[in-house]
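Hi,

Here is the structure we talked about. Please open it alongside this note; my findings follow below.

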Amino acid sequence: SFSLIECFSDTILFWFPFYYEMKLALMIALQIPSLNLAAQLYKAYVQPFLKSREGSIDKFVDDASKNVLKATKEGVTQAIQQAPGVLANL
């Protein structure tokens, strides 16, 4: 997801002075364990965002899981039904 955002933001933000230098500094700061910056940003922004949408996320995952299960069952059923004809032609 970061790459997707970065693709669009870089086309605009590269005009700002020292954009790439600041971006590099941020990426390094996020990796330094003693700063704990990544965890702080997660707790301040990402976690509240996900918590507020937890119900809709769970519903989406449940629906997607049911759709995958249904499609898998249909695919296996079709494969079993077509197997005798395919094997007879070998």
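**What turned up**

Gly-85 has a relative accessibility of 38%, so it counts as partly exposed. Gly-85 belongs to helix H4. Its C-alpha atom is 43 Å from that of Ile-57, and 28 residues of chain separate the two. Please keep in mind that this is a predicted model.

**Overall shape**

The chain has 4 helices and 0 strands. In sequence order the pattern reads α-α-α-α. How does the radius of gyration compare with that of a compact globule of 90 residues? The chain has 24 Å, whereas such a globule would have a value near 12 Å. The C-alpha trace spans about 70 × 35 × 25 Å along its principal axes. Burial comes to 6% of the 90 residues. About 8,000 Å² of the chain is exposed, and 69% of that area comes from carbon and sulfur atoms.

**Nonpolar patch**

A nonpolar patch of about 870 Å² sits on the surface. Its members are Leu-41, Tyr-42, Tyr-45, Val-46, Phe-49, Leu-50, Ile-57, Phe-60 and Val-61. Two helices, H3 (37-52) and H4 (54-88), each give at least two residues to the patch. H3 provides the largest share, with 6 residues. Tyr-42 is one of the patch residues and lies in H3. Its relative accessible area is 40%, so Tyr-42 is partly exposed.

Ile-57, the far end of the 43 Å separation from Gly-85, is also a patch member.

**Charges and salt bridges**

There are 8 positive and 8 negative side chains. The centres of the two sets are 8 Å apart. The whole structure holds 3 salt bridges.

- Lys-23 with Glu-6: the closest N and O atoms are 2.2 Å apart. Lys-23 is in helix H2 and Glu-6 in helix H1, so this pair ties together parts 17 residues apart in sequence.
- Asp-10 with Lys-23: the N to O distance is 3.1 Å. This pair links distant parts of the chain, with Asp-10 in helix H1 and Lys-23 in helix H2, 13 residues apart.
- Lys-59 with Asp-63: the N to O distance is 2.9 Å. Both residues lie in helix H4, 4 residues apart, which is about one turn of the helix.

Shared partners join the salt bridges of Glu-6, Asp-10 and Lys-23 into one network.

Which residues of that network are buried? Asp-10 and Lys-23 both are. Lys-23 has 16% relative accessibility, which is under the 20% cut-off, so it counts as buried. Glu-6 has a relative accessible area of 22% and is partly exposed. In the H4 pair, Lys-59 is exposed at 54% relative accessibility, while Asp-63 is partly exposed at 32%.

**Backbone points to check**

Two residues other than glycine have positive phi values. Phe-18 has phi near 65 degrees. Its place is the loop between helix H1 (2-13) and helix H2 (19-31). Phe-18 is exposed, with a relative accessible area of 61%.

Asn-36 has phi of about 55 degrees. Its place is the loop between H2 and H3. Asn-36 is partly exposed, with a relative accessible area of 41%.

Best wishes

Note on methods. Residues are numbered from 1 along each chain as its sequence is written. This is a predicted model: local features need pLDDT of at least 70, side-chain atom pairs count only at pLDDT 80 or more; totals for chains, interfaces and linings use all residues. Side-chain values use heavy atoms; hydrogens and water are left out. Patches are made of residues with over 30% relative accessible area and no salt bridge: like charges are joined within 9 Å, nonpolar side chains (Val, Leu, Ile, Met, Phe, Trp, Tyr) within 5 Å. Accessible areas come from the Shrake-Rupley method with a 1.4 Å probe; for residues, only the protein chains shown count as cover. A salt bridge is a side-chain nitrogen of Lys or Arg within 4 Å of a carboxyl oxygen of Asp or Glu. Buried means under 20% relative accessible area, exposed over 50%, partly exposed in between (1.4 Å probe, protein chains only). The radius of gyration is taken over C-alpha atoms; the globule rule is 2.2 Å times the number of residues to the power 0.38. Lys and Arg count as positive and Asp and Glu as negative; His and the chain ends are not counted. The place of a charge is taken as NZ of Lys, CZ of Arg, CG of Asp or CD of Glu.
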